[in-house]
Amino acid sequence: MTLATPSTKLFHLDSSVRDKLEPSPTLLINERVNEMWNAGKTVYHLGFGESRFPVHPKIWNALRDHADKKSYLAGQGLFELRKAVAGFYTRKLGMEVTSDQVIIGPGSKPVFFVLQMALDADLILPTPSWVSYGPQARLIHKRVYQVPATSADGYALTLEKLDQTVRQSTNPAKILLINSPNNPTGQMFDHDFLIELGRYCREQGIIVLSDEIYGLIPHGRRTHYSLVNDYPEGTIVLGGLSKHLSLGGWRLGAAVLPNTPEGKRLMQALRVIASEIWSSPTGPVQYAAVTAYNDDAAIDAYVQECARIHTIRTQYLWHHIAAMGVPCVQPDGGFYMFPSFNPWRGALAKLGITTSPELAAYLLETYQISSLPGTAFGVAPAELSLRLASSYLDMETDAKAQAILDAYRRDPDPEALMRDYHPHTQEALKRLRIFVESLV
């Protein structure tokens, strides 16, 4: 018998995936840092945002107690969980939310993806925006339009620039995807701006996906507001457990759709897509998440406690970076900041650094500081911006994260906490200061 010669072109890859996209930069930098750590190398990890606090005991116990829940569940999500999520958002948003408006997914990222699949619309993105919004749209061949912004204007989203960008799209259907508190800048929208934004989107018929996954990590500088209160018929609110409860690896996200006929039709489309992609999110995690979303005073207090520690750590890092003369808008929430090194273009060019990826690579190789370049967030390469995350420093292991929490509980004084329990933060700032001084 003669065997056929195998084809040399067995896998015909979609060119949009093969040529235009790369794996998520956030996951790549975390993998690289872990490889360097495993090789015994020193790295000060400001490149990955993951809340590192311990799992709350009540939620831990709920997962353990439901480990036997092995059957498939509804694609839209466990009813008891959807009911708990509806109650959660009713309390947080100050408006009635029903379980029928809620869909549960295996993380908020897949929920964003299926929403973009269901909606035949172009995507409008502020600059900068989280690393996966645009690539998700491009994976399914949607047009992406970036609202221009630079470090000179603090990367502010304005209605004027938004309108200019919206007019570039010829598709009558458009999605605006906003994120507050923002990843990567840490900025939050003022309520007055959201009122104007809601009015504009209503006039233009724009659907808004409002990513509020950092909404329970405010720094006390501003109050978190949701656009859904001013534009309920056109806003979809998205969130999950990963940030405020440090449960990123559990992969559970949720979306709240408008309580309108259009919202109901969209939910039906999402249920169809979900049934073909994830069948149902992980059963035991969904049952445990009921406890996480219920109105529990102990869990709410823990969320607030962790938010205060995030605030102390993030504001400390920002304060010292700003004191070096590095332009950087002050974060309002979350655990990120987005400094610009544009003032040192000339000195950096002498080092062969003219783009943010080159800057990030230089800091990692020369000063052992990991970061993400602004290009990962839709910023032009020549804008020498970096995203820095405060969440991993001095909390690289579960034991270290527990130690920080224990230290804060013994003495919540911010100065003592940062002085006595954050040696890696101190060293990272020292190295960053040496780098900046070398450019002067």
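Contact, for these notes, means heavy atoms within 4.5 Å. I'm working on a predicted model, where local features need pLDDT of at least 70, side-chain atom pairs count only at pLDDT 80 or more, and totals for chains, interfaces and linings use all residues. Residues are numbered from 1 along each chain as its sequence is written, and side-chain values use heavy atoms, with hydrogens and water left out.

**His244**

I started with His244 and asked what it touches once residues up to four places away in sequence are not counted. I found Leu216, Ile217 and Val303. His244 sits in the loop between β7 and β8; helices (H or I, at least four residues) and strands (E, at least two) are DSSP runs, numbered from the N terminus. Is His244 buried or exposed? I have it as buried, because its relative accessibility is 8%; buried means under 20% relative accessible area, exposed over 50%, and partly exposed in between, with a 1.4 Å probe and protein chains only.

**Strand β6 and its neighbours**

Next I looked up β6, residues 206-211. Five of its six residues are buried, so I noted this strand as largely enclosed by the rest of the structure. Which strands flank it? I count strands as paired if DSSP finds at least two bridges between them.

- β5 (residues 174-179) runs parallel to β6, with six bridges joining them. Leu176 stands opposite Val208 of β6.
- β7 (residues 235-240) also pairs with β6 in the parallel sense, over four bridges. Here the bridge partner of Val208 is Thr235.

So I have Val208 facing Leu176 and bridging to Thr235 in β7. A reminder to myself: in a regular strand the side chains alternate between the two faces of the sheet.

I then checked the link from β5 to β6. Together with helix α8 (residues 191-204) they make a right-handed β-α-β unit. Right-handed here means that, with the strands pointing away from the viewer, the path from the first strand over the helix to the second runs clockwise.

**Cis prolines and positive phi**

I looked for cis peptide bonds and wrote down two entries.

- Ser180 and Pro181 are joined by a cis peptide bond, omega about -10°. Pro181 lies in the loop between β5 and α8, and those two elements belong to the β-α-β unit above.
- Thr127 and Pro128 are joined by a cis peptide bond too, with omega about -5°. Pro128 is in the loop between β3 (122-125) and α6 (133-139).

For positive phi outside glycine, I noted Tyr155, near 55°. I placed Tyr155 in the loop between β4 (144-146) and α7 (159-166), and it counts as buried at 9% relative accessibility. Arg251 also has phi near 55°. Arg251 is in the loop between β7 and β8 (253-256), and at 37% relative accessibility it counts as partly exposed.

**Aromatics**

How many aromatic pairs does the structure hold? I got 16. Rings of Phe, Tyr and Trp (its six-membered ring) pair if their centres lie within 6.5 Å; planes under 30 degrees apart count as stacked, over 60 as edge-to-face and the rest as tilted. Phe88 and Tyr89 are one edge-to-face pair, 5.0 Å centre to centre with 90° between the planes. Phe88 is buried at 9% relative accessibility, and Tyr89 is buried at 7%.

Tyr367 and Phe435 form another edge-to-face pair, at 5.5 Å centre to centre and 65° between the planes. Tyr367 lies in α13 (residues 356-367) and Phe435 in α16, so this pair ties together parts that are 68 residues apart in sequence. I have both Tyr367 and Phe435 as buried. Ring pairs link these two with Phe341, Trp344 and Tyr362 into a cluster.

I also noted the charged end of Lys69 over the ring of Tyr287, 5.2 Å from its centre. My cut-off was NZ of Lys or CZ of Arg within 6 Å of the ring centre and within 35 degrees of the ring normal.

**Helix α15 and the cysteines**

In α15 (residues 414-421) I listed the buried residues as Ala416, Leu417 and Met418. What covers them includes α11 (297-323), α14 (398-410) and α16 (423-439).

Last, I searched the whole structure for disulfides (cysteine sulfur atoms within 2.5 Å) and found zero. Cys306 counts as buried at 2% relative accessibility, and Cys328 counts as buried at 14%.
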